[in-house]
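Reader: I am new to reading protein models, and I would like to go through this one step by step. Could we take the structure piece by piece, with a reason for each answer?

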Amino acid sequence: MSTANPITFFDLASTVGPFSPLTWRTRYVLNYKNIPYRTEWVGFADVETVLVSNGVPPTSATKPKYTVPAIIDRKDGQGTAIVADSPLIADYLESTYPANTIYPDGSRDLQHKHVGVITANVLRPIVPMVMAITATVFEGRDQDAFVTSRTQIFGQPLADIYAPEKRDALLAALYEGLDALSAYIDENRLREGEWLFGGDRPAYADFALGAAFEWFTKVGPEGAWDKIKGRNERKWERIYEACQRYSEAQ
Ligand SMILES: N[C@@H](CCC(=O)N[C@@H](CS)C(=O)NCC(=O)O)C(=O)O
């Protein structure tokens with residue numbers, strides 16, 4: 001890898017810029033590690049076609065089989081690495097570009113455990129809150145493909161998932177998840193510093209959490225970020241702001 005041969009990073013094209021909580025993890029890591037890359041913006045309807053034509057492997061045996069983030073690293077004559085699936089990409093980038101570690105003190109397994117807790121307590125309750133709005137940040141056939149696929153996955157029209165009468169309960173579920181994550185962070189805190197999981201420097205779980213809030217701020221319900229950001233001693237606003245220094249989309 002060199003600046004002449006940057007990594008290709010596949011992310012979703014949208015009218016609000018990058019918003020996927022999974023691709024954001026990869027972008028933060030690439031930026032934190034100062035790895036030259038070029039984003040290839042892919043329409044939602046074209047994910048499978050573009051990834052297959054680039055030789056990217058599937059990430060699942062069931063639909064959707066092909067997903068972003070994915071990367072291609074043409075390592076200047078040392079072979080080409082093609083990696084999909086955000087945890088595998090994190091492991092690949094860490095082992096290939098170890099400077100600015102995302103797994104401080106050999107904490108790889110612990111970081112991925114933390115990400116599991118973030119997924120259960122933050123990503124899961126956000127999902128029903130963002131689906132209908134996500135459809136509006138795609139256009140034309142990308143929007144059609146998103147609506148068709150998510151209506152099938154959820155078994156109901158997207159507007160029903162976040163119907164007005166469900167909103168208070170969905171927000172309460174997110175508050176509950178944030179409270180649980182806050183307690184988990186307080187119990188597991190290994191180091192003092194601005195980063196919730198890494199202390200004086202970011203660790204992978206910090207990026208996974210910042211990525212969840214990139215998602216919520218871009219496609220969450222209007223005003224919802226303002227309701228949650230100050231909770232739990234402002235942990236969520238603080239981590240989102242700390243991540244902004246690694247948020248440039250190249
Ligand atoms: N396990 C994968 C999941 C990635 C994923 O679900 N990506 C979504 C965007 S957030 C995607 O590419 N979906 C394509 C589709 O639904 O067709 C990872 O962690 O990278």
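Reader: Does Asn100 count as buried, exposed or partly exposed?

Author: In this predicted model, Asn100 is placed in the loop between α3 and α4 (108-136), and its phi is positive, at about 55°, although Asn100 is not a glycine. A residue needs 20 or more other C-beta atoms within 10 Å to be buried and 12 or fewer to be exposed. Because Asn100 has 15 C-beta neighbours inside 10 Å, it counts as partly exposed.

Reader: Arg234 also has a phi to look at; does Arg234 count as buried or exposed?

Author: Arg234 is found in helix α10, and its phi is near 60°, a positive value in a residue other than glycine. The cut-off for an exposed residue is 12 or fewer other C-beta atoms within 10 Å. Since Arg234 has 12 C-beta neighbours inside 10 Å, it counts as exposed.

Reader: Why do the buried residues of α3 lie on the same side of the helix?

Author: The buried residues of helix α3 (residues 86-96) are Ser86, Ile89, Ala90 and Leu93. An α-helix has 3.6 residues a turn, so residues three or four places apart point the same way. Around the axis of α3, the buried residues cover an arc of only 100°, and this is why they are on the same side, the arc being 100°.

Reader: Which residues of α1 meet α3, and is α1 roughly parallel or roughly perpendicular to α3?

Author: What covers the buried residues of α3 includes α1 (23-32), β3 (70-74), β4 (80-84) and α8 (204-219). The axes of α1 and α3 come within 9 Å and cross at roughly 10°, an angle that makes α1 roughly parallel to α3. By class, this contact has 5 nonpolar, 2 polar and 1 charged residues. On the side of α3 it involves Ser86, Ile89, Ala90 and Leu93, and the residues of α1 that meet them are Arg25, Thr26, Val29 and Leu30.

Reader: Which residues is Glu94 in contact with, leaving aside its neighbours within four places in sequence?

Author: Glu94 is found in helix α3, where it is partly exposed, with 19 other C-beta atoms within 10 Å. Its C-alpha atom is separated by 39 Å from that of Ala169, which is 75 residues apart from it along the chain. Once the neighbours within four places in sequence are left aside, the residues in contact with Glu94 are Thr101, Ile102 and Tyr103.

Reader: How is α7 oriented with respect to α10?

Author: The contact is made by Tyr175, Leu178, Asp179, Ser182 and Ile185 of α7 together with Arg231, Asn232, Lys235 and Trp236 of α10, and by class it has 4 nonpolar, 2 polar and 3 charged residues. The axes of helix α7 (residues 167-188) and helix α10 (residues 231-243) come within 10 Å and cross at roughly 90°. That angle makes the orientation of α7 to α10 roughly perpendicular.

Reader: Which residues surround the ligand, and where are the cis peptide bonds that involve Pro64 and Pro69?

Author: A cis peptide bond joins Lys63 and Pro64, with omega about -10°, and another joins Val68 and Pro69, with omega about 10°. Pro64 is found in the loop between α2 (47-53) and β3, and Pro69 is likewise placed in the loop between α2 and β3. By class, the shell around the ligand has 5 nonpolar, 5 polar and 1 charged residues. The residues that surround the ligand are Ser20, Leu22, Val47, Thr59, Pro64, Thr67, Val68, Pro69, Asp85, Ser86 and Ser149.

Definitions and conventions: Residues numbered from 1 in each chain as written. Predicted model: local features only at pLDDT ≥ 70, side-chain atom pairs only at ≥ 80, totals over all residues. Helix = DSSP H or I, 4+ residues; strand = E, 2+ residues; numbered from the N terminus. Arc of directions from axis to C-beta. Contact = placed C-beta atoms within 7 Å. Axes fitted to C-alpha atoms, helices over the stretch in contact; angles between N-to-C directions. Parallel < 35°, antiparallel > 145°, perpendicular 65-115°, else oblique. Nonpolar A, V, L, I, M, F, W, Y, C, P; charged D, E, K, R; others polar. Near = placed C-beta within 6 Å.
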